[in-house]
Every structure is written in structure tokens, then in C-alpha cells.
Amino acid sequence: MTDLSNHFATQAIRTGHRPTSEHEHGEPIFTTSSFVFDNAAQAAARFAGDEPGNIYSRFTNPTTQYFERRLAALEGGESCVATASGMSAIMVMCIALLKSGDHIVSSRSIFGSTTSLFDKYLTRFDIQTSFVGQTDLREWKAAINTNTRMLFLETPSNPLSEIADIRELAALAHENDCLLVVDNCFCTPALQKPLQLGADLIVHSATKYLDGQGRIVGGAVVGDQKRVGEDIFGAIRTTGPCISPFNAWVALKGLETLDLRMKAHSSQAMDVARYLSDHSQVERVYYAGLESHPQHELAKQQQSGFGGVVSFVVKGGQEKAWKVIDSTRMISITANLGDVKSTITHPATTTHGRLSDEQKLQSGISGGLIRVAVGLESVEDIIADIDRGLDS
Ligand SMILES: *Cc1c(COP(=O)(O)O)cnc(C)c1O
């Protein structure tokens, strides 16, 4: 009954759970490695794939499936597989869908570990990646070769909130027989539905907003039944980066409040961005919700909110930026994001510290840049905490 609703808020709370004979109301956590068969013939039928049912928690666990079904519904995908982390979601997707000799075109503005995965590890298997500017369609076009199989991006990007045009890049991908993969970590399906805009696959770090309270590490891939339900599922079954049922349960319960949280994160981040734009010690604010953002209109079209991450450049470079960070008393100095607790970080010396000075310059990661992932504490307290170091 409840699986039939199209309403996001209802699906986020009601979809996915298949109550057991105990008639439990809350979703149970199945902490079991394996499942028992009635007899040898049933075991044989399950292993052969002739009979559906649970076998072993590396690839069939009911709690994990509750989470997968719920996230698939929210993203509007046919199938979802959960993974141990966001990085293992990206890794297993590549293992399942690419082969030696294939080529990826990726935005340069992606998560640091994703860059390393493409650059340092996939290259060992002769899968090469070309990196291009997130917002320059001509660069994407020019980088596509006959062996390109996948276009990859995150939008909005971290930390500078560059918006990629998903519809346009999906069309480009399909003209060239490629898949478009979107890392939907920053918006989540509550604010952006890449599959509806033409993307083929979505990867998630459930560690961030899906859990939403900084408790677990997890990930997921969402898409069509063939690629996700068969190919990527098969790769997880064989290679093993499965999520633990407990972590799947935490993320499952996180989804129930996702809609409310993302609206609240967006509204608080907007307040912080406006406050910073008016501040005399701030040179520039990066937030797609501001009318001054170069892709504000595009963000309005493809997102229903602007998300919780605001970055800004202070006057006075790294010294001043560190001072602002060190003057906070409440906001946590940590590189994580997507938590109800606000976090603050200095990208140039942490998440982007391994880039060369030239790469930093090219990607806009200056010494004065600060990233705040705006949480759900009172926004007055958040602003007062940032203000402490700015004004001093
Ligand atoms: C954190 C993050 C990842 C990696 O996720 P983990 O769960 O830490 O492995 C991937 N993409 C983005 C955009 C992230 O923020």
C-alpha cells in the first residue's frame, strides 16, 4: 500500500520495510551473517538464483534492502545497492561497468578521494581519466574520445558550489554512448533528482546527509535494474564492499527526516551566506542561493533548494582564515559535512592540501577560503561563532 505513494515525504518514511511475521512497527536490524534453508533443494535453488530469498549478508540482508528500496524510491531509480562507504560505491560501480582500455571524463571539481581513485588506482588497470572544468561544456566535448564510457561529476561542487548542467551533460553523454554518473551527495534527492534530469547513475556517500547526524560511514549506487540490480550488485556480491546492517538501518532512519533536514540546512545556509555577503572582511561568498552566483538560475531550475554548504574568502589570506576557524567556540573544526552539527574547514591545507600551488590557483582554492557546512543549531549562534574571528 505505502510503497505506491509518489510523495517524497511519505516514501521517505513508509517505503521499503517488509514487516515480518512478528508484525513489528519499527524496521528491525538483522544482525546475522547467513540465512537458513528448509532443505538442500531450497539451498540449491537460492544459490542458482531460481528462488528469491536470503542467502548471506554480503549480498542479501533484509535491513540493507529496506534502505536500498527506500533510497531507490526517493531518487526515482529502479534499483539501489548499498555499500560500505561512498568511495566503495564509486569503486564498485567502476569495477562493474568499465574495463581495461576505457576512458572517463570527469569534472575536476570532485571529492579528493574520487580524484585519487581515478588517477592513482584505475590507471593501473588502464582506465584513464581526463579532468575538465565543471561548467565548461566545450571542455567536456573536447575530452570525449571513442573509448570514453563514463562522464562523472558532483553538483554543486565542493567547496566552490559550481553547478553542472545535468540535462546538458546527459545529452552529451548519450550522444557519445556514455553513461552520466552524478555524485548527489550535496543535494540528496530531497533537493535534486539527477535521474529525472537524464543522468544514468547516482552515487552517494550515505555518511553525509542521508544519515545526517555524523554516526556512520556508508554509500549507495542508484539506477536501472540491469546496471545496478544485476551488474553492480554482482560486483558487490563478488568483491564484498557491503554495508553493515546496522549502518544501513541508521541511514534508513536518517532518510525519514531527510526532507525536513535539507530544507532547514538550505534555509540556515542562505542566512549565513547573506550575512557573509554583507560583511566588510569577506571578499567573496560561494553559494548558489545568492543571486550573485554565476549559475544561480541553473541551480534554481535543477534544484529545489541550495543545500547546506557555504564557502567564503576572507580578506587577509590563510592567516586570517585560520584565525576565523580558531576563534569559533561551537562550530566543529572537521572536514566532514552533512551533519546537524555545523563544521568548518580550511580546504587549502586539508581536503585540497595535496594539490600543487598551481592546481589550487586553477581550481580557486585560495588561502583565504573557508568552507562551512551549516548545521541545524540556532542560526544566530552559527553566525555569532563565525563573526568572532571575522571581526577581531
Ligand atoms: C564524503 C564524500 C565521498 C566519499 O564518501 P565516504 O562515505 O567518505 O567514502 C564522495 N563524494 C562526496 C561528494 C563526498 O562528500
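Buried area is the accessible area, taken with a 1.4 Å probe, that two parts lose on being put together, summed over both. Keep that in mind for the second exercise; the model you are looking at is a predicted one.

**Exercise 1. The ligand and its shell**

Task: Work out which residues surround the ligand, and how many of them are nonpolar, polar and charged.

Solution:
- Step 1. Start with the list: the residues around the ligand are Ser 85, Gly 86, Met 87, Phe 111, Glu 154, Asp 183, Cys 185, Ser 205, Thr 207, Lys 208 and Gly 218.
- Step 2. Sort them by class, and you get three nonpolar, five polar and three charged residues.
- Step 3. Now look at ligand oxygen atoms. One lies 2.6 Å from a side-chain N or O atom of Lys 208, and an oxygen is 2.8 Å from an N or O atom in the side chain of Ser 205. At Gly 86 the partner is a polar backbone atom, 2.9 Å from a ligand oxygen.
- Step 4. Finish with the cover: the ligand taken alone exposes 380 Å², and the protein buries 91% of that.

**Exercise 2. Where the two domains meet**

Task: Describe how domain 1 and domain 2 meet, beginning with their bounds and ending with their polar contacts.

Solution:
- Step 1. Mark the bounds: domain 1 takes in 8-30 + 61-255, and domain 2 covers 259-390. Their centres, over C-alpha atoms, are 24 Å apart.
- Step 2. Find the contacts: 33 residues of domain 1 touch 35 residues of domain 2.
- Step 3. Add the area. The two domains bury about 2,700 Å² between them, with 55% of it on carbon and sulfur atoms. Of the area that domain 1 buries against domain 2, Leu 160, Leu 191 and Tyr 209 supply 28%, more than any other three residues.
- Step 4. Check the pairings: zero salt bridges are found across this interface, whereas 13 residue pairs are in polar contact.

Notes. Residues are numbered from 1 along each chain as its sequence is written. This is a predicted model: local features need pLDDT of at least 70, side-chain atom pairs count only at pLDDT 80 or more; totals for chains, interfaces and linings use all residues. Side-chain values use heavy atoms; hydrogens and water are left out. A residue is near a molecule or strand if one of its heavy atoms lies within 4 Å of it. A polar contact is a pair of N or O atoms within 3.5 Å; within protein, one must be able to donate a hydrogen and the other to accept it, and residues adjacent in sequence count only if both atoms are side-chain atoms. Accessible areas come from the Shrake-Rupley method with a 1.4 Å probe; for residues, only the protein chains shown count as cover. Ala, Val, Leu, Ile, Met, Phe, Trp, Tyr, Cys and Pro count as nonpolar, Asp, Glu, Lys and Arg as charged, and the others, Gly among them, as polar. Domain bounds come from an automatic or database domain assignment. Contact means heavy atoms within 4.5 Å. A salt bridge is a side-chain nitrogen of Lys or Arg within 4 Å of a carboxyl oxygen of Asp or Glu.
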